[in-house]
Amino acid sequence: MARWCYRHRLVVLLLWVGALFGLGFAATTAGTDYANVFSLPNTDSKRAYDQMEKAFPNSAGDTDTVVWKVADGTVRDASVRSRMQPVLDEIAGMKGVGQVAGPYQGERGAAQISEDGRIAYAQITFAEQANAVPKDLVQKVVDTAQDAERAGLEVELGGQAIQRVQEPPTGLAEMVGILAAAVVLFLAFGSLFAMLLPIGIAIFGVGTGLFSTQLLSHATDIPDLAPLLATLIGLGVGIDYALFIVTRHRRGLLRGLESEESAVVALNTSGRAVLFAGGTVCIALAGMLVTNLRFLDGVVIGTSLTVVFSVLAAITLLPALLGVLGTRVLSRRQRRELAAKGPEPERASGVAARWSTGVQRRPRTVAVIALAVMAVLAVPVLSLHLGATDQGNDDAKTTTRQAYDLLAEGFGPGFNGPLQVVVTAGDPGALAKGIGTTPGVAAVAALPPAHGVTVIQVVPTTSPQSVKTDDLIDTLRDRVIPDAGATAHVGGVTAVSKDFATITGDRLPWFVATIIGLGFLLLLIAFRSLVVPLTAALMNLIAAAASFGVLVAVFQWGWGLDLLGLGKEGPINAFLPVIMLSLLFGLSMDYQVFLVSRMHEEWVHTKDNARAVRVGLAETSRVINSAALIMVCVFLAFVLSGDSGAAMAGVGLAAAVALDAFILRTALVPAAMHLLGNSNWWLPGWLDRRLPHLAVEPAEEPSEDEAPAGGGASAVHGFVRDAEGEAVDGAVLTLLSKGGRQLDRVTSLADGSYIVSVPAPGTYLLSATARSYGARAQHVVVTDEPLVHDVELAPGEVDADAVN
């Protein structure tokens, strides 16, 4: 498939461009129909909602609030009233506004003025829900109301529709994330074209995924958070998957492969790993369905679609683009050196190689330090409080936050989250009286009944996010309502949030067990080991605990919130653990696959665990860390999205990826694998025979002159000497396949002797490098018998020839 896409690159490119613009045109024409459906079967708040919907079917429009406060006097003063009432009348006359209920409208309006008379509010009911209200109308309402401000009169607005117009421009977070990723890619590749490839793949994957999700929003319930999260995860995995493949392709070009062959090898190795990794992300996302929360179904659809399109773009569009660019994916310096000096031997970077060696020498020290860091970061998770954020968590400079604070100041902290007790049988008056005497209740008001249903508005003395408000809900349900002999249900946004958090907490263990079990099974099949998947499962749990610890410290304790401009501390959104654990599991599996697949490849060839772990870490740590840095940049950019849920997910996922890549995969995992030794690769024979075989990153297909000639493994050995015949101590000799894959690497002894193992007869590339000497690369042809081959190094020498 890779070869076909490479050779028919223009066809592939036109198909993808047509798909992107076709889906974009269809989605733009159809518009959006996102719906935030919190379906919580068998919960008290859901029963309350169902009864209210039957009794009050026309109360569907979004209700927002205008709040004003005077510094001196009261809001009843003629000077204030004459300024605010015309504003409210003007707003009421705007097309798209249903009604405006102000404080100057008789006895009912008087309740909208605080006891001290300094704060008042008016309720604006739009004809549509918040997402459907035109932003132009909302902005006109905001401008009209705030034009009434003067010295001593403060006017603020709150509500869902108002919050939409103060969000940053759409696409700002995505653009910042892409720019940050571009900088990292350019530093990693040193080539403009190589930098643009992963970004282009991510744009095609995310674009087609988002347009498809938008179209599907007309057929099923998809929350408006889904496209934000889909963009967040799509940009991250899209850039990373292309990065892994482009890195492999560039390596093949530098080893002397033709562009087409290099692209085919890259797709047949790293491309397979990308396919596997993308599948694990989708499986992890599908794990959210275990919670049976309808709200998350749309999130699964949007994010999974985007991941699927990102993977498809990486394995079809990317080889076509590699064919268009040819060797221009290399930097100019690399192209000049390749033309002048020929293929270069593969070697790990100095820092990566030194770190890998250091981990091998002191695995216990590295493991203890890494575990200590993760444990300290995980401590805050012990005080995790799930709930729902509201406009009280907005930035202090926003009008929604200031309106929230004014209402809390004038009418009590519980006014922003009243409870609705929906009475269907019994005496509503007696129940209201009993509720009024309950500790924690600030005010009670029974609304006129309709269709046999009475709604009692209950204002708590504490804020909607307070644990005491949750306790009050339990008291009303468990004691007050039964004691009154009434049939009633406690609803409202605050009660829904509490029930949602309770259900999420109850189902979270099943969800975690599901995704950990699936991950264990996938890694068991891929790496033929029991210990590797067990280690990965444990690392996932450690990463989750530490990342949630960071999340609690930032958003619940408020550490650094002002610096990040993320508003006020509050509970962690109840849906976030499920979403974050799904994404964290999928992303950490990516890094585990790319790291351990290289270790496993080395283990299969050498059966030396220490060497397999050292080589695997040295050769993959740089690309894993680059990929993680890109993801961290993309995720952190969503702090600018203006959506508190997306900002919280962005910070949490950025912390999770950083800890997973820079501490777990780079330090703790290899240290643990050194300590476990050969048991890393243990698998009972009976289980090995029953498991299906799955090659995550298969060996490259040998060419005809590499094909085995009826023999098994062999070796190349000899001496490394300089031009004077003196032994060269410490020279590094590397045996490479013709495809550029490293097969063995050794260091010459004090007498200059060396021996490298050969998996099978064939033609290979043997490179030798030593300090103060140049590099020498020679082709060697190995038969059934070990080949004796001496290497001569000279200062500054670079050579390549064929030797029998």
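**Exercise 1. Is Ala110 buried, partly exposed or exposed, and what is its relative accessible area?**

Solution.
- Start with the model. It is predicted, so local features need pLDDT of at least 70 and side-chain atom pairs count only at pLDDT 80 or more, while totals for chains, interfaces and linings use all residues. Residues are numbered from 1 along each chain as its sequence is written, and side-chain values use heavy atoms, with hydrogens and water left out.
- Recall the classes. Buried means under 20% relative accessible area, exposed means over 50%, and partly exposed lies in between (1.4 Å probe, protein chains only).
- Apply them. Ala110 has a relative accessible area of 36%, so this residue is partly exposed.
- Place the residue. Ala110 is found in helix 5 (residues 106–110). Helices (H or I, at least four residues) and strands (E, at least two) are DSSP runs, numbered from the N terminus.
- Look along the chain. Ala120 is 10 residues apart from Ala110, and their C-alpha atoms are separated by 9.0 Å.

**Exercise 2. Describe the overall layout of the protein.**

Solution.
- Count the elements. The protein has 25 helices and 19 strands.
- Take the dimensions. The C-alpha trace spans about 105 × 50 × 45 Å along its principal axes.
- Check burial. Of the 804 residues, 55% are buried.
- Divide the chain. Domain 1 covers 1–31 + 190–346, domain 2 covers 44–166 + 400–493, domain 3 covers 355–383 + 500–696 and domain 4 covers 715–792. These bounds come from an automatic or database domain assignment.
- Set a distance. The centres of domain 2 and domain 4, taken over C-alpha atoms, are 80 Å apart.

**Exercise 3. Which residues form the negative patch and the nonpolar patch on the surface?**

Solution.
- Fix the rule. Patch residues have over 30% relative accessible area and no salt bridge; like charges are joined within 9 Å, and nonpolar side chains (Val, Leu, Ile, Met, Phe, Trp, Tyr) within 5 Å. Asp and Glu count as negative, Lys and Arg as positive; His and the chain ends are not counted.
- Find the charged patch. Glu90, Asp143, Asp147 and Glu149 gather there.
- Examine one member. Asp147 sits in the loop between helix 6 (135–146) and strand 4 (153–158). Asp147 is exposed because its relative accessible area is 60%.
- Find the nonpolar patch. Phe186, Leu192, Phe193 and Leu196 form it, with about 360 Å² of accessible area together. Helix 9 (residues 192–216) gives the largest share, 3 residues.
- Examine one member again. Leu196 lies in helix 9. At 42% relative accessibility, Leu196 is partly exposed.

**Exercise 4. Which salt bridges link helix 18 and helix 19?**

Solution.
- Define the contact. A salt bridge is a side-chain nitrogen of Lys or Arg within 4 Å of a carboxyl oxygen of Asp or Glu. The whole structure has 11 salt bridges.
- Take one pair. Lys498 bridges to Asp474, with the closest N and O atoms 3.0 Å apart. Lys498 is in helix 19 (residues 493–527) and Asp474 in helix 18 (residues 467–483), 24 residues apart. Lys498 is buried at 13%, whereas Asp474 is partly exposed at 28%.
- Take another pair. Asp499 and Arg477 form a salt bridge at 2.9 Å between the closest N and O atoms. Asp499 lies in helix 19 and Arg477 in helix 18, so this pair ties together parts 22 residues apart in sequence. Asp499 and Arg477 are both buried.

**Exercise 5. How far apart, N to O, are Asp660 and Arg665 in their salt bridge?**

Solution.
- Read the distance. Asp660 and Arg665 meet at 2.9 Å, N to O.
- Check burial. Both Asp660 and Arg665 are buried.
- Turn to a network. Arg3, Arg7, Glu260 and Glu261 are joined by salt bridges that share partners.

Notes: Areas by Shrake-Rupley, 256 points an atom, 1.4 Å probe, with all protein chains shown as cover. Charge placed at Lys NZ, Arg CZ, Asp CG, Glu CD.
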